[in-house]
Amino acid sequence: MASKQHIVFNTHLIKGEALPDFFTDIDYYGREVSLRNSYTADPKLVYSMSLVPSYFKLQTTDAKIEHQIIPQENWGYAIHLNSESTIDSYLENQFKYKYRSIIRRFVNRLEASFNINYALYYGEISEEKYHFLMDALERMIQNRFAERNEKHKDIAQWLSYKKTSFAKINNKQASLFVIYNENEPIEISLNYHFDKILFSAMSSYDIDYSKFGLGHIEIYKQVEWCANNKYLLFEMGVGGMDYKRRWSNAIYRFQHHIMFSKSHAATRFLGMLEAKKIQLKEYLKAKKLNEILPELRRKFHREKDTVSPIDLGTIDNRNHTTVHKKSIEINIHDVAFKYLKRYTYDFLYTALEKSSEVKIYQLSLNEFLIQGNKKQQRLRLTKP
């Protein structure tokens with residue numbers, strides 16, 4: 001009896017999972033890579049393979065195999081580099097002067113405000129460090145998406161990521177890119193490596209540092225690593241978020257590949273049926289019918305969300321304020337005052353101050369003074 005196997009190609013490939021042996025190699029951007037991790041295809045199975053980037057050329061030479069390719073209504077985003085690329089040359093070619101200045105400003109102000117260092121764990125990481133960083137990444141994802149009242153699409157697979165990625169990092173199949181402030185990770189990206197492609201699988205950052213554009217800095221530093229190591233692609237995958245569109249010079253369409261034996265009648269019938277089903281699905285997606293239910297859900301959640309955040313009241317900018325002797329100097333790293341971190345870090349970004357030279361005073365119950373070396377801000381916060 002014929003049956004079907006569904007494969008998410010992008011996920012299988014980047015995680016190093018085996019693929020059916022319909023093809024022995026993959027071509028992309030003029031580079032041919034042998035697929036050594038494969039298994040013998042079952043002639044009684046229909047293989048339905050989604051999310052195949054169109055820049056991958058997959059061809060089977062077996063005349064007994066039917067191979068249908070259906071364009072998907074999904075677009076992918078990547079940064080294509082050549083052998084001469086540097087991070088500076090890529091910025092020059094991809095962005096106008098104003099946006100290049102914004103990206104470099106993010107990097108410069110982060111490094112000016114904090115004691116920043118960058119690390120890429122690739123080929124070697126201790127189990128203790130691995131679990132510390134993965135736990136930190138999970139917290140960052142949860143906090144960021146809770147703030148947006150959304151659910152991360154891959155968080156349900158978190159245990160699988162956490163279980164398998166340690167060995168892959170030590171085998172050079174994966175890596176963790178980390179931005180540290182002192183010893184504190186403030187941005188983490190879990191990546192997978194395939195040949196000369198770096199796939200950004202999952203990343204997030206500490207939302208207290210939102211003003212500094214850590215997402216852009218992460219891409220900037222990883223593209224720099226790719227260029228230095230002669231990688232061809234920094235792959236950001238499916239989903240057309242604005243930052244992906246801005247950074248990408250290789251925007252491509254995904255494909256759905258269906259493969260089955262021509263000689264097995266039941267398999268051939270199921271394969272043709274699967275092709276028709278996928279074509280109908282992509283037609284409905286093209287008409288945006290698949291977006292109706294998710295939009296209704298988002299609208300429902302927005303209407304239910306009645307919780308107001310802490311409001312930022314009047315900010316008083318002055319050259320100098322004498323702090324009253326009864327005022328209390330506080331530490332924003334204490335649990336009781338951690339909600340002041342974002343306001344303090346926003347001040348550091350705007351005022352071009354260093355975190356080590358800033359003091360925070362509590363002037364009254366809900367009034368605070370952030371005092372830098374050159375500038376200061378007075379905050380009056382009200383809770384709902």
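## Phe-56 and its aromatic partner

In this predicted model, Phe-56 has a relative accessible area of 2%, which is under the 20% limit, and therefore counts as buried. By the distance rule for ring centres, the count comes to 22 aromatic pairs. One of them joins Phe-56 and Phe-194 in an edge-to-face arrangement, with 6.5 Å from centre to centre and 85 degrees between the planes. Because Phe-56 lies in the loop between β6 (45-53) and β7 (65-80), whereas Phe-194 belongs to strand β10, the pair ties together parts that are 138 residues apart in sequence.

Phe-194 is also buried, with a relative accessible area of 12%. Both rings belong to one aromatic cluster, whose members include Phe-9, Tyr-28, Tyr-29 and Tyr-252.

## A second link between distant parts

Which residue forms an aromatic pair with Tyr-122? The partner is Trp-225, and this pair is edge-to-face, with 5.8 Å between the centres and 90 degrees between the planes. Tyr-122 lies in the loop between β8 (116-121) and α4, while Trp-225 lies in helix α6 (residues 214-228), and the two residues are 103 apart along the chain. With a relative accessible area of 24%, Tyr-122 is partly exposed.

## Charges over rings

Aromatic rings in this model also meet the charged ends of lysine side chains. Lys-15 lies over the face of Tyr-161, at 4.3 Å from the ring centre, and the charged end of Lys-221 sits over the ring of Tyr-118, 4.5 Å from its centre.

## Helix α3

Helix α3 (residues 97-113) has 17 residues, and at 1.5 Å a residue they should span 24 Å, which agrees with the 24 Å between its end C-alpha atoms. Its buried residues are Tyr-99, Arg-100, Ile-103, Phe-106, Val-107, Leu-110 and Ser-113. To read such a list, it helps to recall that an α-helix has 3.6 residues a turn, so residues three or four places apart point the same way.

## The second largest pocket

The second largest pocket holds about 860 Å³ of space. Its lining is made up of 20 residues, and those nearest the centre are Asn-143, Asp-206, Ile-207, Asp-208 and Lys-338. By character, the lining divides into ten nonpolar, two polar and eight charged residues.

Where in the chain do the residues of this lining come from? At least two are supplied by each of α4 (127-147), β10 (184-194) and α10 (341-351), and the largest share, six residues, comes from α4.

Note on methods
Residues are numbered from 1 along each chain as its sequence is written. This is a predicted model: local features need pLDDT of at least 70, side-chain atom pairs count only at pLDDT 80 or more; totals for chains, interfaces and linings use all residues. Side-chain values use heavy atoms; hydrogens and water are left out. Helices (H or I, at least four residues) and strands (E, at least two) are DSSP runs, numbered from the N terminus. The expected span of a helix is 1.5 Å times one less than its number of residues. Buried means under 20% relative accessible area, exposed over 50%, partly exposed in between (1.4 Å probe, protein chains only). On a 1 Å grid over the protein atoms alone, a cavity is a set of points where a 1.4 Å probe fits but cannot get out, and a pocket is an open set with protein on both sides within 12 Å along at least five of seven lines; lining residues have an atom within 4 Å of a point. Grid points are joined across faces, edges and corners, and a volume is the space filled by probe spheres set on the points. Ala, Val, Leu, Ile, Met, Phe, Trp, Tyr, Cys and Pro count as nonpolar, Asp, Glu, Lys and Arg as charged, and the others, Gly among them, as polar. Rings of Phe, Tyr and Trp (its six-membered ring) pair if their centres lie within 6.5 Å; planes under 30 degrees apart count as stacked, over 60 as edge-to-face and the rest as tilted. A charge sits over a ring if NZ of Lys or CZ of Arg is within 6 Å of the ring centre and within 35 degrees of the ring normal.
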